[in-house]
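Reader: I am new to reading protein models. Please take me closely through one pocket and the parts around it.

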Amino acid sequence: MVGGIGPADGGDGGDGGDGGDGGDGGALSVIHSSTVWRPIGISPAIIKPANQDWWRGDKWPPADWDDDTLTPPNTGWPNHHARRYPRRAWSSYYFGLAMLGEFAATGATTNPTWDAIPLPAYPAFGTTQFDDEINELVALIDYRPGVMTEALMQRNDLIKYWCGVLLFGAASHPYTYDLVEIAFRVAQFQVMHYKRMANQGKGRPRPSQVCPALMPPIEVPGHAAFPSGHSTESHLISLCLAEVMPDAVKTPYIGDNTDPDYANSTALTRIAQRIARNREVLGLHYPSDTRAGRALAEGTFRILMQCPTVTNEIIPEAKEEWDHNNY
C-alpha cells in the first residue's frame, strides 16, 4: 500500500514495480493502464440462420457461416506486417530498466568509470564528527510528526513530487517521464552497488543499529546506509529534469535571503534536498549518507549525459514537450 507502514520500502526510493503497468505518475507510458480489461465471451450472432429458430453463438474472431451447412470457412483476417514495437507503447518503467545496459557500457569507458565515482568519506564510529551526526538525528526526532505523511509517501512514490512542480505526467510529457524513470532506475542500480562496496564490502550500519534512541517509525530498509538511496535518486532526477524543464524550476532562489544554501537553491534541487532530509528525520540515514548520495548522483549524471539514447533521443524530445508552443 502506498504510504503505508508495512515492511517494504521500495528499494529505498524505488516504486516497487511499475504499478501494474498503470496509473499516471506511476511507471508507465501513454497507452498503458491498469484499468484495461478485455474479456470476450460468446455473444449472439448478428443474423439468425434462415433455416434455424435459434441464434447461434458468435465467437471471436467472427466466422462467415454458410446458412445451409452451418459450417464456417477456414479463413480469417489477413495479418498486419508490424515492423517494430511502438516506441510510445514502452512502459517508462521497463524502458528505464532497459537503459541500464547502455549506462553500464558507457560508464565502462568514462573517467571515472561508473563503479569508481569518488564519494566523500563518512566519519568513523567514536569520532567527534560521528557523534555530532548521531546527536543531530536525535534532535530531529521532534520533527517526525510534521514530516510523517510526506515521508511515508516518498518511500515508494517520490516521482509524483516532481510531477507536481510543473504539471506533467506520462500521458502529457512521455519523454520527460521516460527521462525521470531512466534516472530513477540508474540511480537504484548505482546506489545498491556502492552500498554493497562500502566499508570494505560490509556496508555501513544504519543509525538505529548504533543509537537505540532513534527507533525509526517505519521498518528499516533491507540494505546498508551509505550512500542514501533517496538522496541519490532525488538528486539525479533533479539534475536530469534541469536539462529539459523551463527556467522557472531551475532558476536559483530570487528572494533577499543571503544564505548560500538558499541562494543556490532551485525548485528542483530543493525537492531533492527535502526528500533526502526526511530520511534523516526518520532516523534511517546519517547526514553524511545524504552528502554521498548527492555526490554519487552528480558523478552518475555526467556518465548518463554521455549515453547516446539519452542525449540523442530522450532529451531532445523532452525539451520539445516543454517548448512554450507545445506546453
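Author: This is a predicted model. Start with the second largest pocket. Its lining is made by Glu136, His235, Gln273, Ala276, Arg277, Glu280, Pro287, Thr290, Arg291 and Arg294. Two elements give two or more residues to this lining: helix H10, residues 267–281, and helix H11, residues 287–304. The space inside comes to about 210 Å³.

Now look at the kinds of residue. Five residues of the lining are charged. Three are polar, and two are nonpolar.

Pick out Arg294, one of the lining residues. Arg294 forms a salt bridge with Glu298. The closest N and O atoms of this pair are 3.5 Å apart. Both residues lie in helix H11. They are four residues apart, about one turn of the helix. Is Arg294 buried or exposed, or in between? Arg294 counts as partly exposed, because its relative accessibility is 31% and partly exposed covers the range between 20% and 50%. Glu298 also falls in that range, with 34% relative accessibility, so it counts as partly exposed.

Stay with helix H11, but move to Asp289. Its side chain meets that of Arg204 in a salt bridge, 2.8 Å from N to O. Arg204 lies in the loop between H6 and helix H7 (207–210), while Asp289 lies in helix H11, so the pair ties together parts that are 85 residues apart in sequence. How exposed are the two partners? Asp289 has a relative accessible area of 0%, so it is buried. Arg204 has 3%, so it is buried as well. The cut-off for buried is under 20%.

Helix H11 holds one more residue to find: look along its range, 287–304, for Gly299. The C-alpha atoms of Gly299 and Asn111 are separated by 9.9 Å. Along the chain, these two residues are 188 residues apart. Asn111 is found in the loop between H2 and helix H3, residues 128–140. Asn111 counts as exposed, because its relative accessibility is 78% and exposed means over 50%.

Next, follow the salt bridges beyond the pocket. A search of the whole structure finds twelve of them. One joins Arg87 and Asp178, with the closest N and O atoms 2.8 Å apart. This pair links distant parts of the chain. Arg87 sits in the loop between E2 and H2, and Asp178 sits in helix H6, residues 174–201. They are 91 residues apart. Both Arg87 and Asp178 are buried. The two also belong to a network of salt bridges, together with Arg88 and Glu313.

The loop that holds Arg87 also holds Trp90, between strand E2 (57–58) and helix H2 (92–107). Trp90 has a relative accessible area of 31%, so it is partly exposed. Trp90 helps to make a nonpolar surface patch with Tyr85, Tyr94 and Leu97. The patch covers about 390 Å².

Finally, step back to the whole chain. The chain has 327 residues, and 46% of them count as buried. Its secondary structure comes to twelve helices and two strands. Read along the sequence, the pattern is α-β-β-α-α-α-α-α-α-α-α-α-α-α.

Conventions:
Residues are numbered from 1 along each chain as its sequence is written. This is a predicted model: local features need pLDDT of at least 70, side-chain atom pairs count only at pLDDT 80 or more; totals for chains, interfaces and linings use all residues. Side-chain values use heavy atoms; hydrogens and water are left out. Patches are made of residues with over 30% relative accessible area and no salt bridge: like charges are joined within 9 Å, nonpolar side chains (Val, Leu, Ile, Met, Phe, Trp, Tyr) within 5 Å. Accessible areas come from the Shrake-Rupley method with a 1.4 Å probe; for residues, only the protein chains shown count as cover. A salt bridge is a side-chain nitrogen of Lys or Arg within 4 Å of a carboxyl oxygen of Asp or Glu. Buried means under 20% relative accessible area, exposed over 50%, partly exposed in between (1.4 Å probe, protein chains only). On a 1 Å grid over the protein atoms alone, a cavity is a set of points where a 1.4 Å probe fits but cannot get out, and a pocket is an open set with protein on both sides within 12 Å along at least five of seven lines; lining residues have an atom within 4 Å of a point. Grid points are joined across faces, edges and corners, and a volume is the space filled by probe spheres set on the points. Ala, Val, Leu, Ile, Met, Phe, Trp, Tyr, Cys and Pro count as nonpolar, Asp, Glu, Lys and Arg as charged, and the others, Gly among them, as polar.
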